[in-house]
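Let's take a walk through a protein model together. Have a look at the sequence and the 3D view, and then we will go from the whole chain down to single residues.

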Amino acid sequence: MTNSKTETTDERPPAFTVYEIQTHTLADGWVNTWTYEDSDGDTRPETFSSKEAAQAALEEYLQELAEDAVLGNISHYDRAEFRVHAVPTLATGGVA
């Protein structure tokens, strides 16, 4: 008996997951507005290697917002406007 099943190979690199902090915007819905400047001076989207790291960064940011709100430096914000979201990414750095 022969196996008539043909094997297919996926030539894309394996995917892994990074996490980003997203802000809900009226115009674009949920987007990652967090950025950093790399060593070449280019602005890149901020991502985190684990959900826990992203959540910790978000909690720190929300604490800073709360302190600024108490001081009257900013108007009220809604915690529900922020979320940690998993993003599958190709091993080469592109979005899966």
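How much of the accessible surface of the protein chain belongs to carbon and sulfur atoms? The share is 49%, out of an accessible surface of about 7400 Å². Please keep in mind as you read that this is a predicted model.

Now trace the chain from its start. You will meet one helix and five strands, and their order along the sequence is β-β-β-β-α-β. So far we have looked at the outside and the outline; what about the inside? Of the 96 residues in the protein chain, 22% count as buried. You can also ask how far apart in sequence the partners in a contact are. Taking contacts between residues at least 6 apart in sequence, 57% join residues that are at least 24 apart.

Next, turn to the interior. In soluble globular proteins, nonpolar side chains tend to be buried together. In this model, the largest nonpolar core has 12 residues: Tyr19, Ile21, Trp34, Phe48, Ala54, Ala57, Leu58, Leu62, Leu65, Tyr77, Phe82 and Val84. Three elements give two or more residues to this core, namely β1 (15–25), α1 (51–71) and β5 (82–90). The most comes from α1, which gives five residues. To see one core member up close, find tyrosine 77: leaving aside neighbours within four places in sequence, tyrosine 77 is in contact with Leu62, Leu65, Ala66 and Phe82.

Let's move on to strand β1, where threonine 23 lies. Is threonine 23 buried or exposed? Threonine 23 counts as buried because its relative accessible area is 14%, and the cut-off for buried is under 20%. Setting aside neighbours within four places in sequence, its contacts are Gly29, Trp30, Val31, Thr33, Glu81 and Phe82. With one of these residues, threonine 33, threonine 23 also makes a polar contact between side chains, at 3.3 Å.

Our last stop is a loop. Between β3 (35–37) and β4 (43–45) you will find aspartate 38. Its relative accessibility is 17%, so aspartate 38 counts as buried too. Which partners does its side chain have? A polar atom of the aspartate 38 side chain lies 2.9 Å from the backbone nitrogen of aspartate 40. The side chain of aspartate 38 is also joined to the side chain of arginine 44 by a polar contact of 3.0 Å.

Key:
Residues are numbered from 1 along each chain as its sequence is written. This is a predicted model: local features need pLDDT of at least 70, side-chain atom pairs count only at pLDDT 80 or more; totals for chains, interfaces and linings use all residues. Side-chain values use heavy atoms; hydrogens and water are left out. Helices (H or I, at least four residues) and strands (E, at least two) are DSSP runs, numbered from the N terminus. Buried means under 20% relative accessible area, exposed over 50%, partly exposed in between (1.4 Å probe, protein chains only). Contact means heavy atoms within 4.5 Å. Accessible areas come from the Shrake-Rupley method with a 1.4 Å probe; for residues, only the protein chains shown count as cover. A polar contact is a pair of N or O atoms within 3.5 Å; within protein, one must be able to donate a hydrogen and the other to accept it, and residues adjacent in sequence count only if both atoms are side-chain atoms. A nonpolar core is a set of buried Ala, Val, Leu, Ile, Met, Phe, Trp, Tyr and Cys residues joined through side-chain atoms within 4.5 Å.
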